[in-house]
Amino acid sequence: MKLIGIEEHFLTPEVKDAWSTIGLNAADPSVAFHGGPLEKRLADLAEGRLALMDETGLDVQVLSLTTPSLHDLGPESVELARRANDAVAEAIARHPDRFQALATLPVASPDEAALEVERCVRTLGFKGTMLCGRVGHRNLDHADLLPIFQSAAALKAPILLHPRAPEKAVRDAYYSGFSPQVDAAFSCFGLGWHYDAGIQFLRLVLAGHFDRFPDLQIILGHWGELVLFYAERIANMDRVSGLDHSMATYFRRNLSVTASGIYLPHYLEQAARIVGHDRLLFSTDYPYQYRPGRDARRFLENCGLDKAATQGFAHGNWERLTEQQPQAL
């Protein structure tokens with residue numbers, strides 16, 4: 001059974017240098033996570049990556065630039081995004097049966113970002129794009145960023161909404177007071193960035209993006225970035241939201257969720273209950289969650305779904321989500 005991982009990351013030396021140039025190493029604690037052996041795996045779009053895919057049982061990786069992507073860069077990110085996307089397109093051309101991609105966007109320049117989504121889908125054959133939460137101090141529902149969502153919706157290109165570290169004021173208020181290492185972990189992968197991603201999705205719902213763009217599709221990793229586990233409480237906002245539909249409708253019409261290497265059948269069961277089996281996607285969150293021992297394939301084989309639902313989870317739901325996109329030129 002073909003197994004596609006839709007949240008699998010890379011990083012180019014040029015992007016890492018750009019982060020350093022603007023001082024992001026000091027401003028965003030997640031930047032430090034990309035060193036050592038992880039940096040080598042992130043940079044490898046060839047044989048080393050393919051070998052680990054084979055070892056874990058993954059047939060296809062959908063590649064995306066790791067967090068915080070280009071969200072803190074200015075106008076210079078327009079050309080930087082193009083070069084990153086072209087580099088990934090070259091890797092796909094070398095291994096077309098093993099790699100797909102999500103577009104890297106110059107989000108500080110929304111009009112140019114919208115055009116880059118179109119170029120990547122129509123010309124390079126990418127499957128969607130990825131956003132990493134706030135753009136500077138703007139949340140994703142800010143009116144300035146509407147062109148990105150309009151373009152993605154028109155292209156039927158899903159947006160993976162990836163976590164990033166909360167801004168400093170939030171980290172200081174809620175995730176500080178321990179050692180620097182504990183503070184960084186607590187504010188990022190320990191808990192903080194999952195809340196941040198879930199909140200960004202809910203902001204898009206409450207801002208009316210899915211009424212404005214009914215075809216807009218969002219993907220949340222880590223089994224829904226916490227919001228699915230409070231779906232019943234979130235539904236209470238129907239009384240005050242003024243939206244066209246219920247919160248439950250947006251969960252089932254506009255949201256898909258993926259595993260991000262968290263291989264827990266009871267999380268899968270909860271996600272399926274909220275969004276439906278046809279909106280479950282597989283991912284390993286490479287290289288962060290990579291573990292030896294045929295890990296990905298073993299979870300698929302023991303996930304508890306029936307054959308049809310397992311096929312959807314493994315590859316069919318992703319292929320259906322992206323099948324209506326325009327063909328690459």
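1. Axes here are lines fitted to C-alpha atoms, for helices over the stretch in contact, and angles run from 0 to 180 degrees between N-to-C directions. On that footing H5 and helix H6 (residues 110-122) pack at an angle of about 15°, with 11 Å between their axes; helices are DSSP runs of H or I with at least four residues, strands are E runs of at least two, and both are numbered from the N terminus.

2. This is a predicted model, in which local features need pLDDT of at least 70 and side-chain atom pairs count only at pLDDT 80 or more, while totals for chains, interfaces and linings use all residues. Residues are numbered from 1 along each chain as its sequence is written, and side-chain values use heavy atoms, leaving out hydrogens and water.

3. Because angles under 35 degrees count as roughly parallel, H5 and H6 are roughly parallel to each other. Their contact (heavy atoms within 4.5 Å) involves Val 78, Ala 81, Arg 82, Asn 85 and Asp 86 of H5, together with Glu 112, Glu 116, Arg 119 and Cys 120 of H6.

4. The largest nonpolar core, a set of buried (under 20% relative accessible area, 1.4 Å probe, protein chains only) Ala, Val, Leu, Ile, Met, Phe, Trp, Tyr and Cys residues joined through side-chain atoms within 4.5 Å, has 83 residues, of which Phe 201 and Phe 313 touch the most other members. Helix H5 (residues 77-94) gives the most to this core, with six residues.

5. Leaving aside neighbours within four places in sequence, Phe 313 is in contact with residues including Trp 223, Leu 268, Phe 282 and Cys 303. A second, separate core of 12 residues includes Ile 4, Val 62, Leu 102 and Met 130.

Note on methods:
Buried < 20%, exposed > 50% of the residue type's maximum accessible area, 1.4 Å probe, protein only. Parallel < 35°, antiparallel > 145°, perpendicular 65-115°, else oblique.
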